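Work through the exercises below with the sequence and the structure open. Try each task before reading its solution.

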Amino acid sequence: MRYPILMCLVLFISLASCKKDQFNTKPSLKLESVNTEDLFPGQQLTFTFSFTDKEGDVSGKIFVEKYEPTCPGSSFKQDYTVPNFPASGNQKGEVTVTFGYNVSGLSNISPKCMRNDTAVFRFALIDKAMNASDTIQSQPIILHY
């Protein structure tokens, strides 16, 4: 009698501890790296993300919010277009989001209150079916005036 109960317990624990499928209808987004935490005029700020999506329809957008609590004029919300990825089930990949501090050709994130900004950036990946990932947040980034 003892062995069947022990076997059932071991089987239950084994099944419960198995890793769930990492691909879901709702895309997942993970911040892999940020090139700097101190940004000066003329520099770029680059966020690198990894993502997964079950349907493979990630070619959409990333919602971006810059939040600077002491200077509302520096805060913003915008969509950042994601490049087209080949559609395939169980899709995974990498995407970068780049801003510039007075850099031509890039979205400008310079301070607006005549002093340094200490901002956090929030991101959510939205696929073509309008499924959104969880929102992730960067560490504080200092934009030197």
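**Exercise 1. Surface and overall make-up**

Task: State the accessible surface of the protein chain and the share of it that belongs to carbon and sulfur atoms. Then describe the fold along the sequence.

Solution.
- Step 1. This is a predicted model. The accessible surface of its protein chain comes to about 8,700 Å². Carbon and sulfur atoms account for 57% of that surface.
- Step 2. Turn to burial. The chain has 145 residues, and 37% of them are buried.
- Step 3. List the elements. The chain holds one helix and nine strands. Their order along the sequence is α-β-β-β-β-β-β-β-β-β.
- Step 4. Check the contact range. Take contacts between residues at least 6 apart in sequence: 66% of these join residues at least 24 apart.

**Exercise 2. The open sheet**

Task: Which strands form the open sheet, and in what order? Find its edges.

Solution.
- Step 1. Three strands build this sheet, in the order 1-3-6, with antiparallel pairing.
- Step 2. Strand 1 and strand 6 (91-100) are the edges. Each has a single partner strand, so one side of each has no neighbour in the sheet.
- Step 3. From one strand to the next, the twist averages 25 degrees.
- Step 4. Count the bridges for one pair. Strand 1 and strand 3 (residues 44-53) run antiparallel and are joined by six bridges. Lys-30 has Ser-50 in strand 3 as its bridge partner.

**Exercise 3. Two residues on the edge strands**

Task: Classify Leu-29 as buried or exposed. Then place Thr-96 and list what Thr-96 touches.

Solution.
- Step 1. Leu-29 belongs to strand 1 (residues 28-34).
- Step 2. The relative accessible area of Leu-29 is 10%. Buried means under 20%, so Leu-29 is buried.
- Step 3. Look at its surroundings. Beyond four places in sequence, Leu-29 touches Phe-49, Ser-50, Phe-51, Phe-123, Ala-124, Leu-125, Ser-133 and Ile-136.
- Step 4. One of these pairs spans a long stretch of chain. Leu-29 and Ala-124 are 95 residues apart in sequence, yet their C-alpha atoms are 7.2 Å apart.
- Step 5. Now go to strand 6, where Thr-96 lies. Its relative accessible area is 38%, so Thr-96 counts as partly exposed.
- Step 6. Leaving out residues up to four places away, Thr-96 touches Thr-46, Phe-47, Thr-48 and Tyr-80. Thr-96 and Phe-49 are 47 residues apart in sequence and 6.1 Å apart C-alpha to C-alpha.

**Exercise 4. Strand 7 and its partners**

Task: Why is strand 7 largely enclosed by the rest of the structure? How many bridges join strand 7 to strand 4, to strand 9 and to strand 8?

Solution.
- Step 1. Strand 7 has ten residues, and eight of them are buried, so the rest of the structure largely encloses this strand.
- Step 2. Strand 4 (residues 61-67) runs antiparallel to strand 7, with seven bridges between them. Here Val-64 stands opposite Phe-123.
- Step 3. Strand 9 (residues 141-143) is also antiparallel to strand 7, through three bridges. Ala-119 faces Ile-141 in this pairing, standing opposite that residue.
- Step 4. Strand 8 (residues 136-137) is joined to strand 7 by two bridges, again antiparallel. The bridge partner of Phe-123 in strand 8 is Ile-136.

**Exercise 5. Asp-117**

Task: Where does Asp-117 sit, and which side chain does it meet in a polar contact?

Solution.
- Step 1. Asp-117 is in strand 7 (residues 117-126).
- Step 2. Its relative accessibility is 0%, so Asp-117 counts as buried.
- Step 3. The side chains of Asp-117 and Ser-74 make a polar contact at 2.8 Å.
- Step 4. Beyond four places in sequence, the contacts of Asp-117 include Lys-66, Glu-68, Cys-71, Ser-110 and Ile-142.

**Exercise 6. The nonpolar core**

Task: Which residues have the most contacts inside the largest nonpolar core? Trace what Phe-123 touches.

Solution.
- Step 1. The largest nonpolar core has 24 residues. Phe-121 and Phe-123 have the most contacts inside it.
- Step 2. Strands 1, 3, 4, 6, 7 and 9 each supply at least two residues of this core.
- Step 3. Residues touching Phe-123 from more than four places away include Leu-29, Phe-47, Phe-49, Ile-62, Val-97 and Ile-136.

Key:
Residues are numbered from 1 along each chain as its sequence is written. This is a predicted model: local features need pLDDT of at least 70, side-chain atom pairs count only at pLDDT 80 or more; totals for chains, interfaces and linings use all residues. Side-chain values use heavy atoms; hydrogens and water are left out. Helices (H or I, at least four residues) and strands (E, at least two) are DSSP runs, numbered from the N terminus. Buried means under 20% relative accessible area, exposed over 50%, partly exposed in between (1.4 Å probe, protein chains only). Contact means heavy atoms within 4.5 Å. Accessible areas come from the Shrake-Rupley method with a 1.4 Å probe; for residues, only the protein chains shown count as cover. A polar contact is a pair of N or O atoms within 3.5 Å; within protein, one must be able to donate a hydrogen and the other to accept it, and residues adjacent in sequence count only if both atoms are side-chain atoms. Two strands pair if DSSP finds at least two bridges between them. Axes are lines fitted to C-alpha atoms, for helices over the stretch in contact, and angles run from 0 to 180 degrees between N-to-C directions. A nonpolar core is a set of buried Ala, Val, Leu, Ile, Met, Phe, Trp, Tyr and Cys residues joined through side-chain atoms within 4.5 Å.
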